[in-house]
Amino acid sequence: MDLRDLGRSNRRQILRCILKSGGLSRSDIARETGLAHSTVTEITYQLVQRGILSTREIRRSGARGRPSIVLSLNPRESLVVVADYSDLAAMAHLADPAGEILETRSLALPRSPTLKQYVAAEARLVASVARGRWDKVQGVTIVGPGVVDPQSGRLLQNSHFGWGPGSFVKPFSRFGKQTFLQNGSRLRAMAENWYGAAQDLENFLFFHLGQGIGGAIVLDGLLVAGPSHGAGEFGHVMADPKGPSCSCGGKGCLEAVASIPAIVRQLAAEECPDFAAAWNLYEAGNRSARAVFRKACLLIARSIFNAVVSVGPTTVVVGGEMVEASNGGILALVDESLREHRSFFEKISLRRCRLPENRSQVAGAVLHALQELDIERPRTP
Ligand SMILES: [Zn+2]
């Protein structure tokens with residue numbers, strides 16, 4: 001860990017501590033985080049200068065001497081713009097430091113947009129959602145659709161639209177704000193770590209089961225992506241050697257055999273239009289649906305087991321449309337398969353995501369910006 005990483009890690013601890021409590025004095029922060037008082041003073045000074053934290057004096061009744069100064073987040077002064085996407089639209093949100101969305105703009109995309117069209121649409125939306133409030137904006141986070149390199153700001157691959165490598169961040173430089181790029185599943189994992197099902201965990205794995213299958217690795221409270229930037233892309237682990245080709249170019253990837261499109265496709269003979277209908281068939285005892293879901297959940301369980309053995313954490317946070325639309329039913333099925341796999345490992349425990357789908361990605365994107373901002377640099381208007 002270099003000095004910059006250390007600084008960010010300290011800032012992460014301080015922000016997390018303040019966010020959890022709603023407001024704390026510097027001595028309380030030092031006590032809770034175990035950081036030196038001078039470190040807390042320096043970092044909180046920079047955060048106040050940047051407008052991310054605000055101070056207020058509190059005099060306890062009957063107490064003598066100087067009033068104590070309580071630090072809390074400054075919701076009006078530290079907004080983050082999040083460039084986001086769904087299957088059919090480009091979106092941009094203006095959000096406060098707690099990840100609450102203040103405003104959203106969206107634009108329909110052509111059926112198969114090019115990367116250039118997509119980035120241009122996002123840049124327009126970002127300009128429009130923050131109009132008149134740029135002085136309050138701390139930074140911009142782009143939710144990367146696919147495998148991204150956050151350091152260089154480049155998209156490495158998007159298998160859904162078939163995009164190859166390309167720059168993401170450049171067109172956003174005209175806003176004069178620091179711009180960050182991070183993968184959507186990693187942002188969700190971070191939000192679950194701060195506000196959701198993983199609040200008590202420093203180490204966990206994250207699986208997102210939906211139209212695609214994504215994942216993330218959190219070790220010592222930090223996201224791990226590895227030198228390839230692809231660590232935790234659990235949708236592309238080899239799940240079934242006899243499975244169909246995957247949009248990433250591989251064969252038998254977990255995403256190709258157990259995501260929503262894969263399940264719906266396998267139930268085409270039942271005239272099943274979407275995931276909710278597929279799950280209804282399963283619950284009604286339809287034989288084909290039962291076979292398809294049992295196999296998909298067995299393959300998800302195997303992938304989870306292999307990830308746990310490879311990476312280490314034994315708690316796995318699982319979310320996504322498949323979990324929500326089945327009201328956790330998918331999780332129970334995966335857990336059932338997982339129990340057959342347990343070996344010398346201590347119990348692998350699955351936890352359901354706690355944050356709503358539409359909030360977690362944005363909340364994670366805001367946290368990402370607050371942690372990564374170069375706060376030593378004076379704020380640009
Ligand atoms: Zn793949």
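Reader: Which residues of α1 are buried?
Author: Happy to help, and keep in mind that this is a predicted model. Helix α1 covers residues 3-21. A residue counts as buried when its relative accessible area is under 20%. In α1 the buried residues are Arg8, Ser9, Asn10, Arg11, Arg12, Ile14, Leu15, Arg16, Cys17, Ile18 and Leu19.

Reader: How far does α1 reach from its first C-alpha to its last?
Author: Helix α1 has 19 residues, and at 1.5 Å a residue the expected reach is 27 Å. The model comes close to that expected value, with a reach of 27 Å.

Reader: What phi does glycine 22 take?
Author: Glycine 22 sits just after α1. Its phi is positive, at about 90°.

Reader: Is aspartate 240 buried or exposed?
Author: Let's place it first: aspartate 240 lies in the loop between β14 (222-224) and α6 (254-258). Leaving aside neighbours within four places in sequence, aspartate 240 is in contact with Gly252, Val257, Lys295 and Leu299. Its relative accessible area is 12%, and the cut-off is under 20%, so aspartate 240 is buried.

Reader: Which elements give two or more residues to the lining of the second largest cavity?
Author: Good one! The structure holds two cavities of 30 Å³ or more, and the second largest has a volume of about 30 Å³. Its lining is made up of Arg188, Glu192, Phe206, Cys353, Leu355, Glu357 and Ser360. The elements giving two or more of these are α5 (184-195) and α12 (357-372).

Reader: How many residues of that lining are charged?
Author: The lining of the second largest cavity has three nonpolar residues and one polar residue. The charged residues in this lining number three.

Notes. Residues are numbered from 1 along each chain as its sequence is written. This is a predicted model: local features need pLDDT of at least 70, side-chain atom pairs count only at pLDDT 80 or more; totals for chains, interfaces and linings use all residues. Side-chain values use heavy atoms; hydrogens and water are left out. On a 1 Å grid over the protein atoms alone, a cavity is a set of points where a 1.4 Å probe fits but cannot get out, and a pocket is an open set with protein on both sides within 12 Å along at least five of seven lines; lining residues have an atom within 4 Å of a point. Grid points are joined across faces, edges and corners, and a volume is the space filled by probe spheres set on the points. Helices (H or I, at least four residues) and strands (E, at least two) are DSSP runs, numbered from the N terminus. Ala, Val, Leu, Ile, Met, Phe, Trp, Tyr, Cys and Pro count as nonpolar, Asp, Glu, Lys and Arg as charged, and the others, Gly among them, as polar. Buried means under 20% relative accessible area, exposed over 50%, partly exposed in between (1.4 Å probe, protein chains only). Contact means heavy atoms within 4.5 Å. The expected span of a helix is 1.5 Å times one less than its number of residues.
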